[in-house]
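Biologist: I'd like to learn how to read a ligand site and a strand in a model like this one. Could you walk me through it?

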Amino acid sequence: MNFEFTEEQTLLRKTVRQFVDAEIIPYIAEWDAGGGFDPKIWKRLAELGLMGVCVPEKYGGAGMDYNSLAIVCEELERGDTAFRTAVSVHTGLNSMTLMQWGTEEQKEKYLLPQAKGEKIGAFGLTEPGAGSDVAAMSSFAKRNGDHYILNGQKTWISLCDIADHFLVFAYTDKEKAHHGISAFIVEREWAGFSSKAIKGKYGIRAGNTGELFFEDVKVPAENLLGEEGEGFKIAMSALDNGRFTVAAGAVGLIQSCIEASVKYCKERETFGKPIGEHQLVGQMLAKMEAGYEMSRLLVYRAGELKNKGVRNTRETSLAKWQACDFANKAADDAVQIHGAYGYSDEYPVARYLRNSKAPVIYEGTREIHTMMQADYVLGKRADKKLRRMLQSWPFE
Ligand SMILES: Cc1cc2nc3c(=O)[nH]c(=O)nc-3n(C[C@H](O)[C@H](O)[C@H](O)COP(=O)(O)OP(=O)(O)OC[C@H]3O[C@@H](n4cnc5c(N)ncnc54)[C@H](O)[C@@H]3O)c2cc1C
């Protein structure tokens, strides 16, 4: 057991923090209000090596360990949830899934440019009639010689208008239920593909989220990821990595809530003293701090299991569930501490509260994670070794 960060990790945190302080925080209120961020940020994320931080160097990444990815996510979400969400889908849900399940050819063609940040990846699982209940999906891919014909619709897909490559899940055999779902790598440029952003989101307004449409999209057979019928397992293993990044980001959001609240507690006076000296206000700060430390430990434990190359669905689910709940509560309390001023754009805490809600919904809702944990405790569920496991770290 080692609670120390390595020198490399400390430097990485410093680099991302400086970037966020200089290039995100001064502009984020404007981007949040305008519904998107400056596309130049993608280039900067790539220049800093943040688009493939835990991807092996031979595939264009920085070759760092999985807790380094957690550090990147923490620091990005300290700036805004939209940037962490981008890394979650690009690296956590897409690139790491290619690392785990892709053939050498698929890694060369898709993972390498993604890890370098030359291409952007996203993840299309959710449909209008299938969110928590993944198997209720209706997208279908029919084999036709050397390709598949894909039809269907996905919704609430992060980076829908921005990504170049999508991991898309569709039935190839409806009779087989979960075992009839397959995973495909789909390119934006292919005929029959289109996307449309969702307007009027409650939070993560600087981020792009929306729908994907597939009308007779011709997908080459070599773009099947894993085997036919393995899509459900691939989707769930992708979520083990996505949820890890969401949990780490939530830690960063709690950190922002603490920073903003401590500053305000020292500035604002009522009844002749700074509000931080009122015990009930101090109690809110203390609870934020507890949530911060507990969430961090859960995240780094999950990251350490990833480094060791062992299944971590249970530990990652617990980290995601708890960290997101703590972040949502911390953001609510941060607004409370700011009183009426928190209820406006004058301070960032209202944005934190809006942003903290989606992570309680995506990548497994609070209720789904609660039920998963109950099943583990009751012995109704156990994590078994998968046909393809995520590579352990250090990479070969
Ligand atoms: C900002 C944002 C970004 C997203 N990005 C992506 C993305 O990139 N890719 C992607 O594929 N998806 C994405 N999603 C979709 C997200 O993963 C789904 O919204 C999520 O899985 C929940 O599905 P749903 O919204 O259909 O809710 P539902 O599944 O319809 O659930 C509705 C409510 O019922 C509860 N519920 C459902 N089943 C049960 C049960 N068995 N027991 C108890 N309670 C239950 C849920 O917890 C929830 O409270 C995103 C969502 C948001 C908000």
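Modeller: Happily! Let's begin with the ligand: 17 residues surround it, and the closest are T126, S132, W156, T365 and E367. A residue counts as near when one of its heavy atoms lies within 4 Å of the molecule. This is a predicted model, where local features need pLDDT of at least 70 and side-chain atom pairs pLDDT 80 or more, while totals for chains, interfaces and linings use all residues. Residues are numbered from 1 along each chain as its sequence is written, and side-chain values use heavy atoms, leaving out hydrogens and water.

Biologist: Which residues have polar atoms 2.6 Å from an oxygen atom of the ligand?

Modeller: A polar contact is a pair of N or O atoms within 3.5 Å; within protein, one must be able to donate a hydrogen and the other to accept it, and residues adjacent in sequence count only if both atoms are side-chain atoms. Here the side chain of S132 places an N or O atom 2.6 Å from a ligand oxygen, and the side chain of E367 does so at 2.6 Å too. A polar backbone atom of L125 is 2.9 Å from an oxygen atom of the ligand.

Biologist: How much of the ligand's accessible area does the protein cover?

Modeller: Accessible areas come from the Shrake-Rupley method with a 1.4 Å probe; for residues, only the protein chains shown count as cover. On its own the ligand has 980 Å², of which the protein covers 64%.

Biologist: And which element gives the most to the shell?

Modeller: Helices (H or I, at least four residues) and strands (E, at least two) are DSSP runs, numbered from the N terminus. β3 gives the most, with 3 residues. Two or more residues come from each of β3 (147-158), α12 (358-361) and α13 (366-377).

Biologist: Now the strand. Why is β5 described as largely enclosed?

Modeller: Buried means under 20% relative accessible area, exposed over 50%, and partly exposed in between (1.4 Å probe, protein chains only). In β5 (residues 181-187), 7 of the 7 residues are buried, so the rest of the structure largely encloses this strand. Both faces are covered, with I181, A183, I185 and E187 on one side and S182, F184 and V186 on the other.

Biologist: Which strands pair with β5?

Modeller: Two strands pair if DSSP finds at least two bridges between them. β4 (residues 165-171) runs antiparallel to β5, joined by 7 bridges, and F169 stands opposite A183. β8 (residues 224-225) also pairs with β5 in the antiparallel sense, over 2 bridges, with F184 opposite L224.
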